[in-house]
Amino acid sequence: MYRNQRLSQLEVLEEHKDNMPIITRRVLTNLTKNALYSPSKVSSALCAAPMSQPHVGNAQPYSMQRQALLKFPALKLEETLSKFLKTAEPVLTPAELEETKRMAVEFQSKDGAELQKILEKVAESQENWLAPRWLKSAYLSYRDPVTVYSSPGMTFPLQHFKTSADYYMYTAKLIQGLVKYKKEVDEGKVPVVKMGKNELDNSQFSAVYGTCRIPLPVQDGLEYHPKSQHVAVVYKNHFFKLPVYNKNGVIINAKVLAEQLQQIANSENKSGIPFGVLSTDSRDNWAAAYAELMKSPTNAQSVKVIQQSLFTVSMDEVVPFSKEEVFNVLGLQLIHGGGTSQNSGNRWMDKTIQVVVNPNGMSGFCYEHSPAEGQPIAMMTDYINKIFPNPKEFEDGANDNYEAFSKLPFDQPSPVLEEKLKESTQNVNKLVDDLQLEVLQYKGYGKDFLKKQKLSPDSFVQMALQYAFYKLHKCAGAQYETAHLRIYYGGRTETIRSCSNESLAFAKAMMDPKCSDEARVDLLRKAVNGHREYTTMALQGRGVDRHLLGLKLMALENNKPIPKFYQAPGVVKSAHFRISTSQVASPNEAFMCYGPLTHDGYGCCYNPRDFDIFLACSAWQSNDQTCAKRFAKAISEALTSMRELLERAGEKPKAKL
């Protein structure tokens with residue numbers, strides 16, 4: 001990740017397609033679900049003009065030196081509809097397909113043509129017509145909790161703390177390392193990578209430090225505080241301001257930070273009122289509670305210090321775990337904290353970066369997605385893991401002339417706020433009870449084997465997920481994967497539609513005992529190559545979903561009715577993503593995790609390493625059709641059978657000429 005040389009397009013496809021996605025998981029697709037074909041769920045805030053970036057206050061991210069990036073275009077309608085029909089076909093009955101085709105033809109000649117003209121005019125006048133609209137609709141107007149639904153967890157390798165001093169020093173090094181990486185960002189030292197001839201946008205790296213989402217009715221805001229000098233530490237539900245620069249602006253030494261963290265822990269023996277649990281609730285509930293919380297000047301001042309911090313650091317209470325469940329417990333602690341009996345109150349979910357560290361050796365990030373995709377988080381993680389083995393990296397920094405930590409006071413909650421705390425506690429505990437997470441470390445093979453087979457590791461895993469879903473549910477599953485749009489100014493994401501006629505044919509062949517190995521291998525390679533072709537299109541901004549969304553938003557912004565096309569069976573069913581996926585690659589024993597997109601579906605974020613594959617599978621307990629453990633088992637069986645297939649096909653002698 002830290003190379004200045006220009007990468008080939010193939011390397012970029014593998015390294016940068018999903019480093020996140022960040023990230024991305026559920027929130028990135030919820031607009032497709034909620035806005036693409038459910039007009040009743042689209043907020044009127046989306047129609048507001050002008051389409052500038054919503055924020056609260058005057059602070060904005062640092063502006064980086066302007067890159068030579070592309071202007072985001074409006075695609076040709078006929079091309080998008082043609083691609084759309086092909087992607088919808090595997091999830092439709094013949095009758096549904098014919099109905100969708102009829103509605104697409106009508107849309108292209110009537111409503112769609114009119115909206116296309118409006119979109120083209122907007123695209124001509126703006127560098128990126130999608131970016132501000134995506135921020136508003138996919139994030140700031142999204143009303144489900146960010147907890148589980150949109151904020152993923154990114155793990156660090158497990159630690160083994162022999163003493164409490166080891167724990168505080170590890171946490172201090174994380175803090176110092178993250179502040180050092182901010183210096184790299186501020187000085188413009190993050191390498192500019194190219195995809196083909198095009199640079200990839202680095203502006204998001206400056207948008208994550210000091211950033212906080214603000215809960216508001218209808219549509220949230222964002223605050224940026226990139227020049228902040230402190231972090232917010234959360235311990236036993238209490239909040240503390242911890243300066244990370246001395247009075248001369250020098251980053252404070254890790255040893256000093258560790259001493260401060262230990263003093264924070266020594267200062268509190270009892271758990272405080274879990275004000276942080278309010279931030280785990282739905283955005284409307286949190287907005288109402290926030291308004292009540294901020295009525296107190298004392299509370300308002302303390303909340304502002306939290307919001308203005310570079311990031312938060314949650315020093316959690318010890319959570320027990322078994323060897324078999326260690327990865328599951330780790331992932332769940334990062335994305336929801338395990339409920340209020342554990343660490344869900346020890347959070348501030350609105351902060352873009354939440355560092356979570358447990359004395360049991362677990363640690364990682366929880367990432368609020370609004371301001372950026374996952375690339376900054378992926379790069380931060382790589383940077384930390386790169387410098388951690390070298391003790392000299394943490395010997396520098398200021399040892400004097402610094403301000404000590406201070407506790408942030410909160411008033412006793414009013415009766416109204418007491419009720420809000422009670423409601424948020426009940427809601428997060430229900431959410432915790434409903435979410436299943438099963439982390440599979442598949443040890444049969446990894447990228448090394450797949451590259452020798454001349455198969456894209458990412459596309460291969462995507463086909464394994466399609467096959468596993470088909471084995472369990474005996475039907476094709478609409479599958480979402482994130483592609484970045486960083487070749488464009490302010491580019492966010494496009495959807496890779498992984499479910500295809502080719503993936504369905506492969507899955508059926510694997511379940512058909514009469515099908516030959518030669519035919520199965522041929523279908524596998526066609527499915528992998530088909531996915532790779534769609535990936536290339538998505539990375540270039542030539543996917544289906546964002547264009548269709550843009551046309552719908554043009555209708556909303558211009559007070560026009562939503563075309564009937566958006567109720568077509570193909571639109572509805574192909575955007576009901578029962579499998580929400582992303583690749584977040586790391587050489588470490590680490591993974592990212594998040595909740596499912598649909599109630600009858602799965603989340604699956606994976607890390608294909610050289611010789612194994614981590615897959616974090618999630619599902620809802622309350623749905624009797626899905627089970628994370630069964631899905632993980634089906635994936636393991638699919639990966640094994642696919643390797644055996646390739647090995648059998650490779651062992652057969654070639655025909656003599």
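1. Phe240 stands opposite Lys407 in strand 11. Phe240 also belongs to a core of 54 residues that is separate from the largest one and includes Leu178, Val185 and Met315. Strand 7 (residues 238-243) and strand 11 run antiparallel and are joined by two bridges. Strands are taken as DSSP runs of E with at least two residues, and helices as runs of H or I with at least four, both numbered from the N terminus. Two strands are said to pair if DSSP finds at least two bridges between them.

2. On the basis of the model: residues are numbered from 1 along each chain as its sequence is written, and side-chain values use heavy atoms, with hydrogens and water left out. This is a predicted model, in which local features need pLDDT of at least 70 and side-chain atom pairs count only at pLDDT 80 or more, while totals for chains, interfaces and linings use all residues.

3. Strands 7 and 11 lie in an open, mixed sheet of eight strands, ordered 11-7-6-8-9-10-1-16. Its edge strands are strand 11 (406-407) and strand 16 (592-593), each of which pairs on one side only. Helix 12 (residues 375-387) lies across strand 1 (153-155), strand 9 (353-357) and strand 10 (363-367), and runs at about 165 degrees to strand 10. Such angles run from 0 to 180 degrees between N-to-C directions, with axes fitted as lines to C-alpha atoms, for helices over the stretch in contact. Contact means heavy atoms within 4.5 Å.

4. An open sheet of six strands, also of mixed pairing, has the order 12-18-17-15-13-14. Strand 12 (435-442) and strand 14 (493-497) each have a single partner strand, so one side of each is left without a neighbour in the sheet. Neighbouring strands of this sheet are turned by 25 degrees against each other on average, direction ignored. Strand 13 (residues 479-484) is joined to strand 14 by five bridges in the antiparallel sense, and Tyr480 has Arg497 as its bridge partner in strand 14.

5. Two helices should be considered together with this sheet. Helix 11 (residues 326-335) packs on the sheet and touches strand 12 and strand 18 (613-620), its direction making about 130 degrees with that of strand 12. Helix 13 (residues 415-434) lies across strand 12 and strand 18 as well, running at about 40 degrees to strand 12.

6. What is the burial of strand 17 (residues 602-608)? Seven of its seven residues are buried, so strand 17 is largely enclosed by the rest of the structure. Buried means under 20% relative accessible area, exposed over 50%, and partly exposed in between, with a 1.4 Å probe and protein chains only. In a regular strand the side chains alternate between the two faces of the sheet. Here Tyr602, Cys604, Tyr606 and Pro608 point one way, and Gly603, Cys605 and Asn607 the other.

7. The partners of strand 17 can be listed in turn. Strand 15 (residues 579-583) runs parallel to strand 17, with five bridges, and Thr581 stands opposite Cys604. Strand 18 pairs with strand 17 in the antiparallel sense over six bridges, with Cys605 opposite Ala616. A hairpin of four residues joins strand 17 to strand 18.

8. The largest nonpolar core has 98 residues, and those touching the most other members are Phe460, Phe565, Leu615, Phe631, Ile635, Leu639 and Met642. Helix 20 (residues 628-651) gives the most to this core, with 10 residues. A nonpolar core is a set of buried Ala, Val, Leu, Ile, Met, Phe, Trp, Tyr and Cys residues joined through side-chain atoms within 4.5 Å. Leaving aside neighbours within four places in sequence, Phe460 contacts residues including Tyr445, Leu524, Leu639 and Met642.

9. Two further buried residues merit attention. Glu223, in strand 5 (residues 221-224), is buried at 5% relative accessible area. The side chains of Glu223 and Lys304 are joined by a polar contact of 3.3 Å. Ala555, in helix 18 (residues 545-557), is buried at 0% relative accessibility. Ala555 and Gly112 are 443 residues apart in sequence, yet 9.6 Å apart in space, C-alpha to C-alpha.10. The term polar contact denotes a pair of N or O atoms within 3.5 Å; within protein, one must be able to donate a hydrogen and the other to accept it, and residues adjacent in sequence count only if both atoms are side-chain atoms.

11. Two loop residues other than glycine have positive phi values near 60 degrees: Asn401 and Lys474. Asn401 lies between helix 12 and strand 11 and is partly exposed at 37%. Lys474 lies between helix 15 (457-473) and strand 13 and is exposed at 53%.
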